[in-house]
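Trainee: I've got a structure to read and I'm not sure how to go about it. Could you walk me through a few features?

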Amino acid sequence: MIANLNKWFQTMQISWTTLMAYRLNFALLVLGPALVFYFVKVSLWQTLYIDDTTVLQGFNLKEMLHYQSWSLVIVLLAQSSNGVNLSEDIRLGRISKYMVYPFNFWEFHTASFLSFQSLQFFIAGICLALLLFLDVLIIENLNYFFIGVLYSLLVGLFWFSVQYFTGLMAFWLDETWTMRAVFQIIVNFLSGAVIPLPFFPEWAQKVLVYTPFPSLTYTPIRIFMGDLSGLYQGLLTLFISMLFMIVINTLVWKKGVRLFSAAGM
Amino acid sequence: MIKTQQLVKNFVSYKKKPGIMGSIESLWKREAVTKNAVERFDLEIPSGQIVGLLGPNGAGKTTLMKMFTGIIVPSSGEVEVLGHKPFDRDKDFRRKIALVMGQKSQLWWDIPAMDSLHLIKAYYEISDADFKERVELMAELLNVEELLHIHVRRLSLGERMKLELMASLLHKPEILFLDEPTIGLDLIAQDAIRDFIKSYHAKYKPTVILTSHYMQDVQALCSRLVLIMGGKKSFDGPIGEFERLLGSDKIVSFNFSSEPSRDFFNAFQPKWSDNGLQVEIAISKEELCPFCAKVLEQFEVSDFQTEKLPIERIMKELMMRPELLNDR
Amino acid sequence: MNTIKHYLEIYRNFVATSTAEALSFRLNFLMITIVDTFFLISTLGSAYVLFSHVETIGPWNRDQLLFFLCFMLAVDDFQNLFVTNNFWMLSSDLKEGNLDYVFLKPVKSLFPLFFKYLRIASLGSVVSTIILLIYFGLRLDFELLQWALLPLLLLLALTLRSLIEMAIALLMFWTTEGTGINFIRLQLQSVSRWPDFIYKGLAKKALLTLVPVLLIGSAPLRFLFDFEQWQMLALLIVLCFVFFFVVRTMWTGAKYRYESASS
């Protein structure tokens, strides 16, 4: 048990070193997209609000900017991982080494994710401080804030479980970015990351309530902004979705490995 | 044909200390390390020769090849190939050369080789008739007619290498650079590649520059050897001269059924096996036959052989003790 | 003339090889079509949702903005079809030292470097975007001259976009790790997907001159909607020339930088 924990720790350390070695890439891959996304959204909403008195679906401009800023913090906290390394491992046939190592494929990649996540946590903290300083964001209630952070980390875990799945698709697909792109596009559109859910037509809102998407961005933003009403539904959705992903990933991995060893890729 | 004068290539890289602290430190402090991949290299190769470029890993062979082909630019010095400066990358120049790299592929991975050959035909503006003739000829020589229409990723390494060679020779280059063409191939495939290069050379007489770690390649193909150690040229001459580089003695080994008396062999720097049933000696050409006759007569010899690939032993020894070359 | 024929013949083979490759990965082909479709739906869907709460975005009404979005999608699609794959391949080819063979061929190396790989799977998306572009053009009651100018403006936009991205892609020769550089391209694309008037201040100035991605869509469409607004289009044309020379100069430097990975 202790020995295994040490393996996890060593893995985290080595992926930390790798991340630092490619620091420019890290900044461009992770931080850049989140900031540019934020920049475009803020610019867009500032144009949509003709003056400070305009109120759209219950949001005035200031509230909308708060909303978008919290969305940035959540993106940084929760959407850091991607399945690229995973699919590279599979595509280049490097998974043979995990079959020999006394350390599993999922353990290796989950440890890498955790180290990535710790770095992200740090970066999200800096961004949060900056946003507070610029007054485009306020912490309404410290308790809610901590609940929000914990909830976002849970979203991060779910995000990882989905990215893990897209990575595993490398057993069948030559390029797995397409899977990630589809997922990202859907989430950006339907989770309230660009347009808050109350802006959607009635019928669409009614449908979306029954999907996991709002739990990924809209619910945590509401929590940060002082509204806990969606918390329990969100938690339930996340737990069920994650359980589902774990089962799926286990099955897919088993099937993939069988394919891998059969084809001797 | 190929001429270099005081050719130099340096690479710069950065040092990094291990661990997290090292990574953080490297954020603001990086120590540059300059490596002299090729140092003041003089070489002249006339047309039609097959020259073997030998040396340990990292000696600078590939760097030289890449300077000859214009892929990388020299740090200083002169290089001239077929009257061109390679790095000007004249189209005329590029039409006259070909480079085959055993560890890289110019064929498209996911489609049949024939499609890639058509693309290469377009690059080099080869006429339909020439294309057809050359493909047929080489496919037959290499015995790959059936493979041309199979997806490259489904081919074995040996099969792929044959097609790589074909792709590189379609435009009938005047100089052919072969960078470890047989690396990783099985014995049969190695033979096939060697035979092909031999017969291709006999037919078209291109200049061939070959690097390889397999001495069979060198022995079978090259008339001249150039040895590079640490970026410097340390030998250049006919293969026969290389074989005699560390003395002209022949290496002979004997196996015995029962232990012979060791004194008998002491004059020839014997190397005994642990059980005393095998010995390896170095002996001059003149003494070889009479001495062997004596051994066969006096002892129970179960087997004996003279060395087949002397250059392999010489390479090994020079790589382990480069200072031997300085003593020359 | 002969040179043009030579390059056309090579390009014909690029198309042939890319098609052959695309068809041997049918699942990928399908996935790319799905990505393009979802992207189209989410882009237009967002605009519809926003316009159910506001009358205009900046000076433009719904049909004008939707036309703009489709125009940008068309630029994306054409670029994906003809160029984009090369940027991704450049990143991996550089890392693995596979450019050696590109350098050896007796053609201008920039040509295979940026035009060798086509993404045939984008064809479907090209068609659907053009249909949508025509649909919104009809809603805007375009006149004959406007219709005639449309392909030309699209070509100009595509030229500037490709030249800017080539210049950015060539940075890979200095950074070696190319994925990050490719992400810069993607970020600039997402900035340029909205009209220039939503941006303000210094950022806007930089995005109109230094890295003029805002010109790609806004310049042609401002002109198309109102012929009096030709100034930005003129700037776009000038910057096409500027970036052409930037790419050429960078390429000269890149050749010297290229030290193929030791094998």
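Trainee: Let's begin with strand pairing. Which residue is the bridge partner of Lys3(B) in β2(B)?

Mentor: Lys3(B) has Glu44(B) as its bridge partner in β2(B). Keep in mind as we go that this is a predicted model. That pair belongs to a longer story: strand β1 (residues 2-15) and strand β2 (residues 31-45) of chain B are joined by eleven bridges and run antiparallel.

Trainee: What other strand is joined to β1(B)?

Mentor: Strand β4 (residues 76-81) of chain B is joined to β1(B) by five bridges, again antiparallel. Look at Thr4(B) there: its bridge partner in β4(B) is Val79(B). As a general idea, side chains in a regular strand alternate between the two faces of the sheet.

Trainee: How do I read a hairpin, then? Which strands of chain B form one?

Mentor: Find two paired strands and look at what sits between them. Here β8(B) and β9(B) form a hairpin with two residues between them. Gly230(B), in the turn, has a positive phi of about 55°. The strands themselves, β8 (residues 224-229) and β9 (residues 232-238) of chain B, are antiparallel and share six bridges. One of the pairs to find on screen is Arg224(B) with Pro238(B).

Trainee: And a whole sheet? In what order do the four strands of the open sheet in chain B come?

Mentor: Read across the sheet from one side to the other. The order is β11-β12-β10-β13 (chain B), with antiparallel pairing. The edge strands, β11 (271-272) and β13 (301-306) of chain B, each pair on one side only. Elsewhere in that sheet, β10 (residues 250-256) and β12 (residues 278-283) of chain B are linked by six bridges. Asn255(B) stands opposite Gln278(B) in β12(B).

Trainee: Now salt bridges. Why would two side chains pair up like that?

Mentor: Side chains of opposite charge can pair when their charged atoms come close. A search over all chains finds 26 salt bridges in the whole structure. Try Asp191(B) and Arg194(B): their closest N and O atoms are 3.2 Å apart. Both residues lie in helix α7 (residues 187-204) of chain B, three residues apart, which is about one turn of the helix.

Trainee: How many salt bridges are there across the interface of chain C and chain B?

Mentor: Two, by the rule used here. In one salt bridge, the side chains of Lys104(B) and Asp100(C) meet at 3.0 Å, N to O. There are also 14 residue pairs in polar contact between chain C and chain B, both residues at pLDDT 80 or more.

Trainee: Which elements of chain C give residues to that interface?

Mentor: Those giving two or more are α1 (2-24), α4 (100-104) and α12 (231-257) of chain C. α1(C) gives the most, with eleven residues. By class, the side of chain C touching chain B has 15 nonpolar, ten polar and nine charged residues.

Trainee: How do I describe the interface overall?

Mentor: Count residues, then look at area. Here 34 residues of chain C are in contact with 37 residues of chain B. The buried area is about 3,300 Å², and carbon and sulfur atoms give 59% of that.

Trainee: Last one: where in chain A is confidence lowest, and where is it highest?

Mentor: Helix α5 (residues 96-100) of chain A is lowest, with a mean of 72, while helix α11 (residues 218-224) of chain A is highest, at 96. Chain A averages a pLDDT of 89, and 98% of the residues score at least 70.

Note on methods. Residues are numbered from 1 along each chain as its sequence is written. Chains are lettered from A and ligands numbered from 1 in the order in which they are written. Side-chain values use heavy atoms; hydrogens and water are left out. Contact means heavy atoms within 4.5 Å. Buried area is the accessible area (1.4 Å probe) that two parts lose on being put together, summed over both. A salt bridge is a side-chain nitrogen of Lys or Arg within 4 Å of a carboxyl oxygen of Asp or Glu. A polar contact is a pair of N or O atoms within 3.5 Å; within protein, one must be able to donate a hydrogen and the other to accept it, and residues adjacent in sequence count only if both atoms are side-chain atoms. Ala, Val, Leu, Ile, Met, Phe, Trp, Tyr, Cys and Pro count as nonpolar, Asp, Glu, Lys and Arg as charged, and the others, Gly among them, as polar. Two strands pair if DSSP finds at least two bridges between them. pLDDT is the predictor's confidence in each residue, from 0 to 100.
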